[in-house]
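Trainee: I've got the model open next to the sequence. Can we go through it together, one question at a time?

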Amino acid sequence: MLDNQFPFPDSMLDILNLDSLETLARERLDPMLYDYIAGGSADEWTLGENRAAWSRLQLVPRMLRGVATRSLETTVLGTPVSFPVLVPPMAFHGLCHVDAEAATAKGTVAEGTIFCASTVSNCSLETIAEASGDGPRWFQLYVYRDRAITRDLVERAAAAGYSALCLTVDTPYGGHRERDKRNTLRMPAHLELGNFPRSHTDAHHHGGGSGSSLGAYIHAMWDPGLTWNDVEWLQSISSMPVVVKGVLAPDDAVLALDHGATAVIVSNHGGRQLDSAPAPITMLKAVVDAVDGRGEVYLDGGVRRGTDVMKALALGARAVLVGRPVLWGLTLDGADGVRAVLAHLRGELDLAMALSGCATVADVTRDLILEGRP
Ligand SMILES: Cc1cc2nc3c(=O)[nH]c(=O)nc-3n(C[C@H](O)[C@H](O)[C@H](O)COP(=O)(O)O)c2cc1C
């Protein structure tokens, strides 16, 4: 239990709020690479909506419940975490910092929570596992057309001590990312795809003609023919629990569980896939109700405030994941920057809970939510 955690934990980065970090990180990054991280697809309506949707929910605080001693701890898939915020899979952390995903893993573990490493990381999954030390870790899977590649990744993840497989289902093809097309996105020559032989890195650097090389790589390599049966296939080749990432429709969440998934992440890939898709927070309540306790439900997309985390918990999410701000922290101060971002968000959540009369995450219940714009 924490006793009066305020003011927010000291950090090397003086963080006023998570948005302020983006401005600072932008100054450090090549504009093409900043655009790759910050951008969304097409008109970026969904990207904006991921933020706007939070403001249509209000929190009605409760008083005089005794909040001098508080705990933000919870579990995800049975693993204890210091607070209900995880770090989602994001490609190419080497764009932000020389230590890449190893730094993200180190910073995340130091804050007592879980980093889910992407298939397309610059560090190998073994290097990320080593950087995580004794800390828990998840591995995100993109399924390759060549199933031998996928099988090999799954076996390596199990051998390296990953405790869950996060299957991303919203990316049969890359979204229409206009910023990347306009910029003719190319990854810096020194960055490798850590999980693959050099030939993959070459394809990834040089493909795409006048368009994005990443888009060309996805098109050539990832399997757009995936179906729900592949969720079962995945379980047949591994004993790790499968978390299905990227559902929005309540029926899809139910299908995921029907096909053996242990949990789902309500997500639109940070607004990078189908533009016009709703914000995850808009769908959360319906998904939680449809799932009806059969599996844990997580959410990502536009989580920037402690009050956002509270709203998601109140509507039934077990935990949320915070994406881009972690990359801004990584850009600015490596593993310490990642720590600072997570510590800041923990501080905001702690204060929001205290001001709402919640001493534990179990106290964050649906009756705190008032729906509709003021
Ligand atoms: C630069 C970047 C790369 C990403 N790469 C992946 C990836 O490799 N696998 C994946 O499942 N999701 C990927 N995502 C989506 C994130 O996992 C997550 O859904 C999203 O970033 C959450 O939204 P937020 O950034 O608004 O917090 C990526 C997102 C960003 C910003």
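Trainee: Which residues is valine 264 in contact with, leaving aside its neighbours within four places in sequence?

Mentor: Bear in mind that this is a predicted model. Val264 is, along with Val320, the residue that touches the most other members of the largest nonpolar core, which has 115 residues. Leaving aside neighbours within four places in sequence, the contacts of valine 264 are Val243, Val244, Val247, Ala253, Ala256, Gly295 and Val297.

Trainee: And which helix gives the most to this core?

Mentor: In soluble globular proteins, nonpolar side chains tend to be buried together. Here the core holds 115 residues. The top contributor supplies 15 residues and spans 324-355: helix H14.

Trainee: How do the residues of S12 point?

Mentor: Start with burial: strand S12 covers residues 296-300, and 5 of its 5 residues are buried. In a regular strand the side chains alternate between the two faces of the sheet. In S12, Val297 and Leu299 point one way, and the other way point Glu296, Tyr298 and Asp300.

Trainee: Which strands pair with S12, and in what sense?

Mentor: Strand S11 (residues 263-266) pairs with S12 over 4 bridges, and the bridge partner of isoleucine 265 is tyrosine 298. Strand S13 (residues 319-321) pairs with S12 over 3 bridges, with leucine 299 bridged to valine 320. So the partners are S11 and S13, and the sense is parallel.

Trainee: What hand does the crossover from S12 to S13 have?

Mentor: The chain leaves S12, runs through helix H13 (residues 306-314) and arrives at S13. S11, helix H12 (residues 280-291) and S12 also make a β-α-β unit, and that one is right-handed. The crossover from S12 to S13 is right-handed.

Trainee: Which strands stand at the edges of the open sheet?

Mentor: The sheet has 8 strands in the order S6-S13-S12-S11-S10-S9-S8-S7, and the pairing is parallel. An edge strand here has a single partner strand, so one side of it is left without a neighbour in the sheet. That fits S6 (85-86) and S7 (115-117).

Trainee: Is valine 76 buried or exposed?

Mentor: Valine 76 sits in strand S4 (residues 74-76). Not counting residues up to four places away in sequence, valine 76 touches Val81, Leu86, Ile114, Glu296, Arg318 and Ala319. Because valine 76 has 20 C-beta neighbours inside 10 Å, it counts as buried.

Trainee: Which residues of H5 are buried?

Mentor: H5 runs over residues 125-132, and 6 of its 8 residues are buried. The cover includes helix H4 (100-110), S7, strand S8 (137-141) and helix H6 (147-159). The buried ones are Leu125, Thr127, Ile128, Ala129, Ala131 and Ser132.

Trainee: What comes right after H5?

Mentor: Ser132 is among the buried residues of H5. The residue that follows H5 has a positive phi, near 55 degrees. That residue is glycine 133.

Trainee: Last one: which residues come nearest to the ligand?

Mentor: There are 22 residues around the ligand. They divide into 8 nonpolar, 10 polar and 4 charged. Those that come nearest are Pro88, Ser118, Thr168, Gly270 and Gly323.

Technical notes
Residues numbered from 1 in each chain as written. Predicted model: local features only at pLDDT ≥ 70, side-chain atom pairs only at ≥ 80, totals over all residues. Core = buried A, V, L, I, M, F, W, Y, C linked by C-beta atoms within 7 Å. Buried ≥ 20, exposed ≤ 12 C-beta atoms within 10 Å, placed from the backbone. Helix = DSSP H or I, 4+ residues; strand = E, 2+ residues; numbered from the N terminus. Contact = placed C-beta atoms within 7 Å. Near = placed C-beta within 6 Å. Nonpolar A, V, L, I, M, F, W, Y, C, P; charged D, E, K, R; others polar. Pairing = 2+ DSSP bridges. Right-handed = clockwise from strand over helix to strand, strands pointing away.
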